[in-house]
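This report covers how two chains meet and where open space is left. The chains are shown below.

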Amino acid sequence: MPRRVAVVAAGTSRKWGIFPGTYRDLISEAGKATFDSNPRIKPADIEGFILASVFPERSVFQSHVATLAAETVGVKPLKLFQRVENMCGSGTIAIRTAYMAIASGLADVVMVIGAEKMHTPQPVETYLSMLGGVDREYEGSLGVTAPAQFALAAQSHMQKYGTTQEQMSLVSVKNHTHAANNPYAHFPKACTLEEVLNARPVTTPFTILDCSPITDGAAGMILMSEDKAWEYTDKPVFILGTGQAASGFNYANVPSDLGDWTMLQKAAQDAYRMAGVTAEDIDVAEVHDCFSISEIIITEELGFAAKGEGGSFIADGRSDYGGDVVINPRGGLLGCGHPLGATGVAQGVELFRQLRGEAGVRQVEDARMGLGHNLSGVSEHHVLIYGRGDL
Amino acid sequence: MVEKLTWDYVYGCDPVPQQTSEFNKLHEYYEALNEGRLMTTKCDACGQVLWPPRTVCPECMSGRLSWTQLPDEGEIIVFTVQESGAFPGFTLPLIFAYLQFGPVRFIGKIIGAEPEELAPGKKVRLQPEKQEDGRILPAFRLI
Ligand SMILES: [Zn+2]
């Protein structure tokens, strides 16, 4: 039997956006916030360390970043240390890897940090780096980056299911409204439907407000085996289930209906089965709204909405406070920004706070079970289900 | 003698792939583009037509692959018109379409078309784009 694994500490860097400091400074801030969230834990208690970071080689000219980060936060990892890189989903994969290490008995206490410094003195460099996040040889070299890929998925979903641009924009309205209650969000400001629709066009059907911004940010989390966890906190949050699935990399080899994310369906089913729950049991979810269409498709594949009805699900308010499930209470990637490696960890930080009743004005009433979803492409998905310790 | 690095060309900052036999086992793909033909690999053992081209078949692990020409006409499945957010050197708007070419699908760049001329189902054909340094990349135009 795998051992049960709990989250016992979690925090983010103070203000996401353009970070006025180095990569090391950013990691320091997330590390301090994580330790400050549970003063009983000291760096010397940490046995394993995992860093999620996507392209520090390009953005800060530094590889070999896991030990750099461990040293920066005062951790001497005597049992395991590694970096995780799988593009936008790296943060959730890092948490999942920590889960595996603890569940298997390899370590009792593992720290995860996700950090990305995306802004450089010459901002367009980031676009070049993002070309490497798709198939650079056959897609990136043509100028294709994530916005075009997800716009094609949006076009496919609109064509097949009749999803409208207004419905997509409502995702952005909801998540920006949520972000207004989140002090670390890159864009903590509500916006209206008209503002989204009339914003600068990026790639049809997206305006700039349908796209998650380029953001510096970091987040951290400490996970422990169940026995240890109760020694360090009265309110551990348990990882109850997880799933992950991928079917292709180049768009030639993903499901041909680009709006049908069958790999997410598979990853979610595995996570639900492992946790012994269904979509109806989830009170709060942090999902990967890299673009507004993504949240619509995600709500369908996670089973919150019927397939093809993700558009009306958002329009009817079913993913907001008072609805079926509160989706992206921290403001999502659209409102918080998307510092690649940090995003999945920050989603976990929010769920940790929500399930402990510590989310302040963002608190989802009586949140008992939460779901985190990160993706690395339309056909690569990572899911974690978290539950309150008293369940 | 001290070796010099040519700072105005660093491959780590070059989005265009290496296309010669010195650096690319699939250089024939680019040589065919230069002759106006869209080629990919077909597995001699299991018959699978693969995209992108390969040196080993991922379906059956055979190392025996042959070049095969894709049909002259492809079809737009969906498309998007990108107006911002491109790396310098790419001229906006950029039009990208998910294309069906015989048995394979991929994202292609559409050139020489106004956005309002495009629609799912419209037919396209290859029109490769020569880069300034002589390398070549695929692009497509409406028929
Ligand atoms: Zn084969």
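The text below treats the interface and then a pocket.

The model is predicted: local features need pLDDT of at least 70, side-chain atom pairs count only at pLDDT 80 or more, and totals for chains, interfaces and linings use all residues. Residues are numbered from 1 along each chain as its sequence is written, chains are lettered from A and ligands numbered from 1 in the order in which they are written, and side-chain values use heavy atoms, with hydrogens and water left out.

Chain B brings 38 residues to the contact and chain A brings 34 residues, where contact means heavy atoms within 4.5 Å. Between them about 3100 Å² is buried, 60% of it from carbon and sulfur atoms; buried area is the accessible area (1.4 Å probe) that two parts lose on being put together, summed over both. On the side of chain B, the most area is lost by B:Phe87, B:Tyr98 and B:Ile107, together 20% of what that side buries.

The rule finds zero salt bridges across this interface (a side-chain nitrogen of Lys or Arg within 4 Å of a carboxyl oxygen of Asp or Glu).

The table sorts two sets of residues by class, with Ala, Val, Leu, Ile, Met, Phe, Trp, Tyr, Cys and Pro as nonpolar, Asp, Glu, Lys and Arg as charged, and the others, Gly among them, as polar.

| Set | Nonpolar | Polar | Charged |
|---|---|---|---|
| Side of chain B that touches chain A | 27 residues | six residues | five residues |
| Lining of the second largest pocket | twelve residues | four residues | eight residues |
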